[in-house]
Amino acid sequence: MPNIQAFRGVRYDLGVVGSLADVVAPPYDVINAAQQDSLYNRHPKNVVRLILNREEAGDSPKSKYERAGRFLRSWLSDGTLAVENQPMLYVYHQVFAWGGQTFTRRGFMCRVRLEPFGTGKIFPHEETHSKAKQDRFLLATATRANLSPVFGMYPDPDNAVQMTLDMAVAATPPIEATDELGVVHRLYPLPGDQVQAKIAEMIADRNVYIADGHHRYETACNYRDARREAGDHHPDCDYVLMMLVGMDDPGLIVLPTHRLFR
């Protein structure tokens, strides 16, 4: 089975940054130059400075990655970001509208032990490109952090896993932000010792299929290997941050990507 564990996440201190909506950003690979500038201007601590630091005049090829690393360390030092005092699973809901209806996509974030494709229970569906992997590798090396989760799906015909998680956080007020597209994001931190063993048992024989984040996953494997070769390996390098959603979740809508050929 995929080795799924709780982890000590890093979260914004809302007493420092104010509204969470001002510091969130879309996935790095959908942000264009105009959006990047807009996110930079929205708040001096917006996460775009970490996940997609922009190039500045006089930069070397590694400057923007090193700058992201300095921002991360500075924000941890000044209290902008804080590390959880215990391992957590993070129940995550996204509320959005499509076709005149409102949907809620439900999942949870955890750390998953890395395994090469074809050797275990984690499967890809697309090829990757060296340039994108090098970009994420340089960022991982500079920050020593998982800044963007891999999006994985797993079979759960009765939605039993997610129902178990949702019941566990039913009395927990969410951390909430609404992004620029109007999507409402709700995060429920859940102490890992309460449900980790049960969730691991429930998905013991199920596969995980990467829906998005192939480059991030392969980069995590490459980063782990590089740290081993350098003699600077830490057990945390054997895991990657992943968002897991049941394939039968009613809020999981997969739309086509249209491409035109001339």
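Start by selecting G79, just after helix α4: its phi is positive, at about 90°. This is a predicted model, in which local features need pLDDT of at least 70, side-chain atom pairs count only at pLDDT 80 or more, and totals for chains, interfaces and linings use all residues. Residues are numbered from 1 along each chain as its sequence is written, and side-chain values use heavy atoms, with hydrogens and water left out. Helices (H or I, at least four residues) and strands (E, at least two) are DSSP runs, numbered from the N terminus.

**Stop 1: helix α4**

Step back from G79 and select residues 63–78, which form α4. The 16 residues should span 22 Å at 1.5 Å a residue, and the end C-alpha atoms are 22 Å apart, so the two agree. The expected span is 1.5 Å times one less than the number of residues.

Now colour the buried positions: S63, K64, Y65, R67, A68, G69, L72 and W75. Buried means under 20% relative accessible area, exposed over 50%, and partly exposed in between (1.4 Å probe, protein chains only). What covers these residues of α4? The cover includes β2 (10–12), α3 (48–51), β3 (81–83) and α5 (130–143). Contact here means heavy atoms within 4.5 Å.

**Stop 2: helix α5 and the residue after it**

Select α5 next. Its 14 residues reach 20 Å from first C-alpha to last, close to the 20 Å expected at 1.5 Å a residue. K133, D135, R136, L138, L139, A140, A142 and T143 are its buried residues. They pack against α3, α4 and α8.

Move on to R144, which follows α5 and sits in the loop between α5 and β7. Its phi is positive, about 50°, although R144 is not a glycine. Most residues other than glycine have a negative phi, and most peptide bonds are trans. Is R144 buried or exposed? With 52% relative accessibility, R144 counts as exposed.

**Stop 3: N159, then the α6–α7 pair**

Select N159, in the loop between β7 and α6. N159 is another residue other than glycine with a positive phi, near 55°. N159 has a relative accessible area of 12%, so it is buried.

Continue into α6 (residues 160–168) and add α7 (residues 192–202). Two packed helices are described by the angle between their axes and the distance between the axes. For α6 and α7, the angle is about 170° and the axes are 10 Å apart. Axes are lines fitted to C-alpha atoms, for helices over the stretch in contact, and angles run from 0 to 180 degrees between N-to-C directions. α6 and α7 are therefore roughly antiparallel. The cut-offs: under 35 degrees is roughly parallel, over 145 roughly antiparallel, 65 to 115 roughly perpendicular, and the rest oblique.

Show the side chains at the contact. From α6 come A160, V161, T164, L165 and A168; from α7 come V195, K198, I199 and M202. By class, that gives seven nonpolar, one polar and one charged residues. Ala, Val, Leu, Ile, Met, Phe, Trp, Tyr, Cys and Pro count as nonpolar, Asp, Glu, Lys and Arg as charged, and the others, Gly among them, as polar.

**Stop 4: helix α8**

Select residues 214–229, helix α8. At 1.5 Å a residue, its 16 residues should span 22 Å; the end C-alpha atoms are 23 Å apart, which agrees. Buried residues of α8 include H214, H215, R216, Y217 and E218. Farther along, T219, A220, C221, Y223, R224 and R227 are buried too. Their cover includes β5 (101–113), β6, α5, β7 (150–154), β10 (208–212) and β11 (239–246). Click G231, which follows α8: its phi is positive, near 70°.

**Stop 5: the cysteines**

How many disulfides does the whole structure have? A search finds zero, with a disulfide taken as a pair of cysteine sulfur atoms within 2.5 Å. For C110, the nearest cysteine sulfur is that of C221, 15 Å away. C110 has 0% relative accessibility and so counts as buried. For C221, the nearest cysteine sulfur is that of C237, 12 Å away. C221 counts as buried at 10% relative accessibility.

**Stop 6: two prolines**

Select P124, in the loop between β6 (122–123) and α5. P124 is partly exposed, with a relative accessible area of 33%. Not counting residues up to four places away in sequence, P124 touches F117 and H214.

Finish at P26, in the loop between α1 (14–17) and α2 (33–42). P26 counts as partly exposed at 22% relative accessibility. Leaving out residues up to four places away in sequence, P26 touches I31, L39, I51 and E180.
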